[in-house]
Amino acid sequence: MALRLYDLTEELHSLLDEADDPENEEVAQQISRQIEDTGAKIEEKLENYAAVVRELDATEKALKEEKSRFDNRMRSIRGHKEKLKAMMTDALFHVKPDGKGVHRVKGERFHLYLANNPPSVDTENCDIKSIPDEFIQFEPKILARDILSQLKETGEIPEGVALKPLTKSVRIR
């Protein structure tokens, strides 16, 4: 059975604990060899993990590119669909209205007609200053980059700000 990195580090910790209290010189030498062997196994396992991480990085990058390609294709198809619907709407205005005043075409496969859409708000062209606050949602956002810039410049952070503890992470070259 192949040992996991977790198992190897646990084994190394137990060997180091044993090494702190050797009974005789022969046992100490044996534990020392086991520590070296386990250390070598850990190094080999770390190399293998690094190879897997690199492979996963490449897969992640390929999937991001594929997603981007699909997103672009979807935008293209959506734009084409909307353009066709706009041309159909324009053309339906030129169709003679029926007795109810509705511009419609009854075909063999589809029934097309112009209908009134429900009212909608043009949020791009509203005067936000004159709209009552009850119709506006304000979402507070912490400007983390600005806080970190101030920390670098002055060494101080605003009251109420909590910094995450420093961590370490693996770098693979």
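A charge is taken to sit over a ring if NZ of Lys or CZ of Arg is within 6 Å of the ring centre and within 35 degrees of the ring normal. In this predicted model, arginine 104 meets that description with respect to tyrosine 113, lying over the face of the ring at 5.6 Å from its centre. A second such arrangement involves arginine 69, which is placed over the face of phenylalanine 70 at 4.9 Å from the ring centre. Pairing between aromatic rings, by contrast, is absent: a search of the whole structure returns zero aromatic pairs.

Histidine 103 is located in the loop that connects helix 2 (25-92) with strand 1 (104-106). This residue counts as buried because its relative accessibility is 17%, and the cut-off for that class is under 20%. Two backbone oxygens are approached by its side chain. That of valine 95 lies 2.6 Å from a polar atom of the histidine 103 side chain, while the backbone oxygen of leucine 92 is reached at 3.4 Å. When neighbours within four places in sequence are left aside, the contacts of histidine 103 comprise Leu92, Phe93, Val95, Lys96, Pro97, Leu112, Tyr113 and Leu114. Tyr113, listed among these contacts, is also the residue whose ring face is covered by arginine 104.

Within helix 2 itself, lysine 45 was examined. Lysine 45 is buried but forms no salt bridge. The nearest side chain of opposite charge belongs to glutamate 44, at 7.3 Å, whereas a salt bridge would require a separation within 4 Å. With residues up to four places away in sequence not counted, lysine 45 touches Leu3, Leu5 and Leu8.

Methods
Residues numbered from 1 in each chain as written. Predicted model: local features only at pLDDT ≥ 70, side-chain atom pairs only at ≥ 80, totals over all residues. Heavy atoms only, no water. Phe/Tyr/Trp six-rings, centres within 6.5 Å; stacked < 30°, edge-to-face > 60°. Helix = DSSP H or I, 4+ residues; strand = E, 2+ residues; numbered from the N terminus. Buried < 20%, exposed > 50% of the residue type's maximum accessible area, 1.4 Å probe, protein only. Polar contact = N/O pair within 3.5 Å; in protein donor to acceptor, adjacent residues only side chain to side chain. Contact = heavy atoms within 4.5 Å. Lys, Arg positive; Asp, Glu negative; His and termini not counted.
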